[in-house]
Amino acid sequence: MASLFLSVILHQKGLTEKLNPIPYGGMRALIIILCALLSSASFSRPISYVGGHTLMANSNSLTDNIYWHYTPNINYSVGLDYQKDKVSNEYFPSARFTYLINRKNAAQSQRNLYLKTGVGLNNSNNHFYSLAGDWETRRLFTSFSIKQSSGVGYDMFEQSVKVGVAPYLGAYGDFHTWLMVETKKNDLDNERITYPVLRFFKGGAAFEISYHKKTDWDIHLMYRF
Amino acid sequence: MEKLLLLGLLLTSSFLHAEPHEMGNMLSHEGHLHEAMVDGKELVVDPKRFDLFVEGLKNNQIALVSVQGMVCDFCARGIAKTFGKDKSVTKVDVDLASGKVLLAYPAAFEISLEDIEKKILNNGLNTTDIQIMSN
């Protein structure tokens with residue numbers, strides 16, 4: 001999701017002009033590949049239970065995206081991402097790997113540290129690696145992510161932080177709600193953006209929606225099975 | 001430098017916040033059943049929840065599993081699904097609030113504590129205690 005906001009911002013801030021050594025078409029492809037490599041990164045835990053599958057879908061004004069991952073071992077997950085650019089109708093597949101570096105379970109909390117990486121299947125020169133962490137109780141949620149993305153003609157470093165609170169504590173199987181705020185910054189436009197996020201859970205399904213005045217709505221669906 | 005400072009701050013705050021919870025005492029929860037077992041251990045479970053769970057169960061063994069890290073519905077769902085697939089388990093109940101999992105087994109079944117711990121671990125969580133009761 002983070003990357004999709006970034007994508008929109010890059011377009012709206014006219015970065016295609018700033019990075020003029022790359023022709024518009026190339027810049028467009030670059031941004032989309034970037035999206036494909038980074039999207040869905042912060043929606044939910046990137047590792048499920050052993051044998052668990054997670055399917056995510058995302059839609060915003062520029063892209064539609066589907067990401068699936070499977071957890072064969074509690075220490076890692078593997079996944080495939082498939083993204084469609086609504087403007088050019090091009091598709092950008094990528095493969096991902098997430099490794100759980102450290103997890104600390106406590107009576108009322110869980111803390112995780114992940115290493116994530118992904119590579120474009122159309123062009124392996126497009127890749128990213130990321131360090132992400134979260135700490136969560138039933139009431140509070142915090143997460144951070146730092147990402148380095150590289151490809152033909154570009155490098156980008158991005159950092160983001162998300163905090164959230166559950167307005168009520170639901171029991172198992174109830175409808176769960178999270179009120180969140182996410183802030184992020186990358187070294188391409190060097191401007192921090194902050195926006196609200198609403199997250200809902202019910203059963204194996206989750207729904208997340210966020211809004212920024214520059215980027216409009218961003219919608220995520222997730223199903224874990 | 002700014003990036004490093006931000007990362008350092010986040011990691012530090014995360015570790016500091018986690019520490020008090022690790023020392024939290026589950027026995028202090030109010031409204032839970034506190035009964036001494038024959039081995040001297042104290043049984044801590046929500047009495048209403050426990051009564052509801054054992055309702056209709058006869059000649060069963062009940063495993064009360066205390067779990068650390070079960071903070072979200074998805075974590076709990078993973079546990080319910082894992083034990084739900086186990087044909088020797090006749091009933092499963094997950095209590096997010098107390099971090100307890102109730103499992104019912106047939107009376108004649110030999111419960112493997114190691115298997116329960118392994119299944120919990122495969123959900124990324126830790127078992128801190130397992131108590132077996134019969135009804």
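**Entry 1. Fold of chain B**

I began with the secondary structure of chain B, which amounts to four helices and six strands. The model I am reading is predicted. Following the sequence, I noted the order α-β-β-α-β-α-β-β-α-β for chain B. I then looked up burial: chain B has 135 residues, and 44% of them count as buried. For the contacts of chain B between residues at least 6 apart in sequence, I recorded that 62% join residues at least 24 apart. The exposed area of chain B is about 7300 Å², and carbon and sulfur atoms supply 57% of that area.

**Entry 2. Where chain B meets chain A**

I turned to the interface. On the chain B side 36 residues are in contact, and they touch 39 residues of chain A. I noted a buried area of about 3400 Å² between chain B and chain A, with 62% of this area given by carbon and sulfur atoms. I looked for salt bridges between chain B and chain A and found a count of zero. Polar contacts, by contrast, are found across this interface: the rule gives 10 residue pairs, both residues at pLDDT 80 or more.

Which helices of chain B each supply at least two residues of the side that touches chain A? I listed helix 1 (2-22) and helix 3 (73-84). Helix 1 of chain B gives the most to that side, with 12 residues. Sorted by class, the side of chain B that touches chain A holds 18 nonpolar, 12 polar and six charged residues.

**Entry 3. Two asparagines with positive phi**

I checked backbone angles next. Most residues other than glycine have a negative phi. N190(A) is not a glycine, yet its phi is positive, at about 55°. I placed N190(A) in the loop of chain A between strand 9 (176-186) and strand 10 (193-202). N190(A) counts as exposed because its relative accessibility is 53%, and the cut-off for exposed is over 50%.

N59(B) also has a positive phi of about 55° without being a glycine. I found N59(B) in the loop of chain B that runs between helix 2 (47-54) and strand 3 (60-68). Is N59(B) buried or exposed? With a relative accessibility of 59%, N59(B) counts as exposed.

**Entry 4. L121(B)**

I looked up L121(B), which lies in helix 4 (residues 113-121) of chain B. Its relative accessibility of 46% makes L121(B) partly exposed. Setting aside neighbours within four places in sequence, I found L121(B) in contact with I74(A) and N126(B). I also recorded the separation of L121(B) from I79(B): 42 residues in sequence, and 9.6 Å in space from C-alpha to C-alpha.

**Entry 5. Salt bridges**

I counted 11 salt bridges over all chains of the structure. Side chains of opposite charge can pair when their charged atoms come close.

I took D81(A) and R96(A) as one such pair; their side chains form a salt bridge at 2.8 Å, N to O. This salt bridge links distant parts of the chain, with D81(A) in strand 3 (residues 76-85) and R96(A) in strand 4 (residues 91-105) of chain A, 15 residues apart. I then checked the burial of each partner. D81(A) is buried because its relative accessible area is 1%, under the 20% cut-off. R96(A) likewise counts as buried, at 8% relative accessibility.

The next pair I noted is E182(A) with K184(A), whose side chains meet in a salt bridge of 3.9 Å, N to O. Both E182(A) and K184(A) are buried. I traced this pair further: E182(A) and K184(A) belong to a network of salt bridges that also links K162(A), R199(A) and E208(A).

In chain B, I looked up R77(B) and D73(B), which are joined by a salt bridge at 3.8 Å, N to O. How many residues apart are R77(B) and D73(B) in helix 3 of chain B? They are four residues apart, so about one helical turn separates R77(B) from D73(B). I recorded R77(B) as partly exposed, at 21% relative accessibility, whereas D73(B) is buried, with a relative accessible area of 4%.

Technical notes. Residues numbered from 1 in each chain as written. Chains lettered and ligands numbered in written order. Predicted model: local features only at pLDDT ≥ 70, side-chain atom pairs only at ≥ 80, totals over all residues. Heavy atoms only, no water. Buried < 20%, exposed > 50% of the residue type's maximum accessible area, 1.4 Å probe, protein only. Contact = heavy atoms within 4.5 Å. Areas by Shrake-Rupley, 256 points an atom, 1.4 Å probe, with all protein chains shown as cover. Buried area = accessible area lost by both parts, 1.4 Å probe. Salt bridge = Lys/Arg side-chain N within 4 Å of Asp/Glu carboxyl O. Polar contact = N/O pair within 3.5 Å; in protein donor to acceptor, adjacent residues only side chain to side chain. Nonpolar A, V, L, I, M, F, W, Y, C, P; charged D, E, K, R; others polar.
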